[in-house]
Amino acid sequence: YSSTDPSPFCNLQADDVESKIREIIPPGFCTNTDDFVSLLEKEVNFKPFGMLLHTYSIHNEEAGEDITYQIYKADMTCPGFREYHERLQTFLMWFIETASFIDVDDERWNYFLVFEKYNKDGATLFATVGYMTVYNYYVYPDKTRPRVSQMLILPPFQGEGHGAQLLETVHRYYMSSPTVLDITAEDPSENYVKLRDFVLVKLCQDLLCFSPVKLMQGFSQEMVTEAQQKLKINKQHTRRVYEILRLRATNMGDAEQSRSYRLDIKRRLIGPYKKKQRELAKMRRCLRPEEMTNQLNQIDLNLQREQLEESFQQLVSDYRRVLERLAQA
């Protein structure tokens, strides 16, 4: 801004924006356009940190050409990466509501970075697309459980498939390690769950245990074991993969197949309701009749059935979107 305008109605002062920004941005940030533009000249010297894991291309309609992207794995031993990460992580504060900074001195953190690789004036340059942090938890006696903590694709690159490329690359990286038990996520958002569904279904669809014949026989321990051993997917996520792939194998226009699928999903969804019933059975032994009546009045069986049906329909809708995206991949 060029000036501030105090309110004519009361003695309000303009907010000190810079002091607020200084709380999250490391020292040395630019405060005017000329300094920022001059620093851009040094971008030609920037090179990605760490080890190259994956290279892929995406067709850009506006540019009329394929654009190349690369995914790297880095850590704090890479020269210059600590300072780069200090600046990179500030983006979390602008785009993720519950974001917080991590302890970079903990060696159990892994960092995965996505860059756009492009040419300008004969030089090869790299633009930051996004990144993911993963923490390696210990699992007794000799395993680790990588947990996705933060994942961000910057707004100019969202909706182009980079999140799926990044998550699949991270899964493939850990799949090769015999010490990894399975991969999880910390407090995943709804959008992350949808992304994970797509990536895991894509990885699992060619496993023999997920063949159409076996899918129609129901969820099995074979699926749990094979998904975990080969793809590092835990039981809960494997169950969602099964439900999505079984939907694809089910003719929902066939009354018997449709009913079988619906009952299979609802048997899982009804778990919390059955838990409530078990709690009520315990209450009958402990509560006075009038107290028990109050508890029963809080339970509307018709409402429970409506909620169960609503949950089922929402799941099927979400699963169909995963399958549609899979068909276009």
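# Report on a mixed sheet and its helices

Apart from neighbours within four places in sequence, Asp264 touches Arg239, Tyr242 and Arg246. The model described here is predicted. Asp264 belongs to helix α10, which covers residues 255-269. Its relative accessibility is 9%, and because buried means under 20%, Asp264 counts as buried.

## The chain as a whole

The protein chain holds 13 helices and six strands. It has 329 residues, of which 39% count as buried. If one takes the contacts between residues at least 6 apart in sequence, 61% of them join residues at least 24 apart.

## The sheet

How are the six strands ordered? They form an open sheet in the order β1-β2-β3-β4-β5-β6, with mixed pairing. At the edges stand β1 and β6 (184-185), and each of these pairs on one side only. Strands of a sheet pair through backbone hydrogen bonds, and the pairing can be parallel or antiparallel. The table lists three of the pairs in this sheet, with one pair of opposite residues for each.

| Strands | Sense | Bridges | Residues opposite each other |
|---|---|---|---|
| β1 (residues 51-60) and β2 (residues 65-74) | antiparallel | nine bridges | Met51 and Lys73 |
| β2 (residues 65-74) and β3 (residues 109-120) | antiparallel | seven bridges | Thr68 and Lys117 |
| β4 (residues 123-139) and β5 (residues 143-153) | antiparallel | ten bridges | Tyr135 and Arg147 |

Strand β2 has a partner on each side, β1 and β3. Is β2 mostly covered or mostly open? Seven of the ten residues of β2 are buried, so the strand is mostly covered, where buried stands for a relative accessible area under 20%. In a regular strand, side chains alternate between the two faces of the sheet.

The link between β1 and β2 is a hairpin, with four residues between the two strands. In that turn, Gly64 has a positive phi of about 70°.

A helix also lies against the sheet. Helix α3 (residues 81-88) packs there and touches β2, β3 and β4. The direction of α3 makes about 85° with that of β3.

## Helix α9 and two of its partners

Helix α9 (residues 235-249) meets helix α8 (residues 221-231), and their axes come within 9 Å and cross at roughly 115°. How do α8 and α9 lie to each other? They are roughly perpendicular, because angles of 65 to 115 degrees are counted that way. The crossing of α8 past α9 is right-handed. On the α8 side the contact is made by Met223, Val224 and Ala227, and on the α9 side by Lys235, Thr238 and Tyr242. By type, these contact residues are four nonpolar, one polar and one charged.

Tyr242 has appeared before: it meets α8 from α9, and it is also one of the residues in contact with Asp264.

Helix α6 (residues 190-204) packs on α9 too, at an angle of about 75° and with the axes 9 Å apart. This angle makes α6 roughly perpendicular to α9. In α6 the residues in the contact are Val193, Arg196, Asp197, Leu200, Val201 and Cys204. Their counterparts in α9 are His237, Arg240, Val241, Ile244 and Leu245. Seven of the residues in the contact of α6 with α9 are nonpolar, one is polar and three are charged.

## Helix α8 and its surroundings

Which residues of α8 are buried? They are Met223, Val224, Glu226, Ala227 and Leu231. Met223, Val224 and Ala227 thus appear in the buried group and also in the contact with α9. The buried residues of α8 pack against α5, α6, α7 (212-215) and α9. After α8 comes Lys232, with a positive phi near 60°.

## His171

His171 lies in helix α5 (residues 162-175). Is His171 buried or exposed? Its relative accessibility is 4%, which falls under the 20% limit, so His171 counts as buried. Leaving aside neighbours within four places in sequence, His171 is in contact with Ile183, Leu200, Leu203, Leu231, Lys232 and Ile233. Among these, Leu200 takes part in the contact of α6 with α9, and Leu231 is one of the buried residues of α8. His171 and Lys232 stand 61 residues apart in sequence, while their C-alpha atoms are 7.6 Å apart in space.

Definitions and conventions
Residues are numbered from 1 along each chain as its sequence is written. This is a predicted model: local features need pLDDT of at least 70, side-chain atom pairs count only at pLDDT 80 or more; totals for chains, interfaces and linings use all residues. Side-chain values use heavy atoms; hydrogens and water are left out. Buried means under 20% relative accessible area, exposed over 50%, partly exposed in between (1.4 Å probe, protein chains only). Contact means heavy atoms within 4.5 Å. Two strands pair if DSSP finds at least two bridges between them. Axes are lines fitted to C-alpha atoms, for helices over the stretch in contact, and angles run from 0 to 180 degrees between N-to-C directions. Angles under 35 degrees count as roughly parallel, over 145 as roughly antiparallel, 65 to 115 as roughly perpendicular and the rest as oblique. A crossing is left-handed if the near helix is turned anticlockwise from the far one by less than a right angle, and right-handed if clockwise. Ala, Val, Leu, Ile, Met, Phe, Trp, Tyr, Cys and Pro count as nonpolar, Asp, Glu, Lys and Arg as charged, and the others, Gly among them, as polar.
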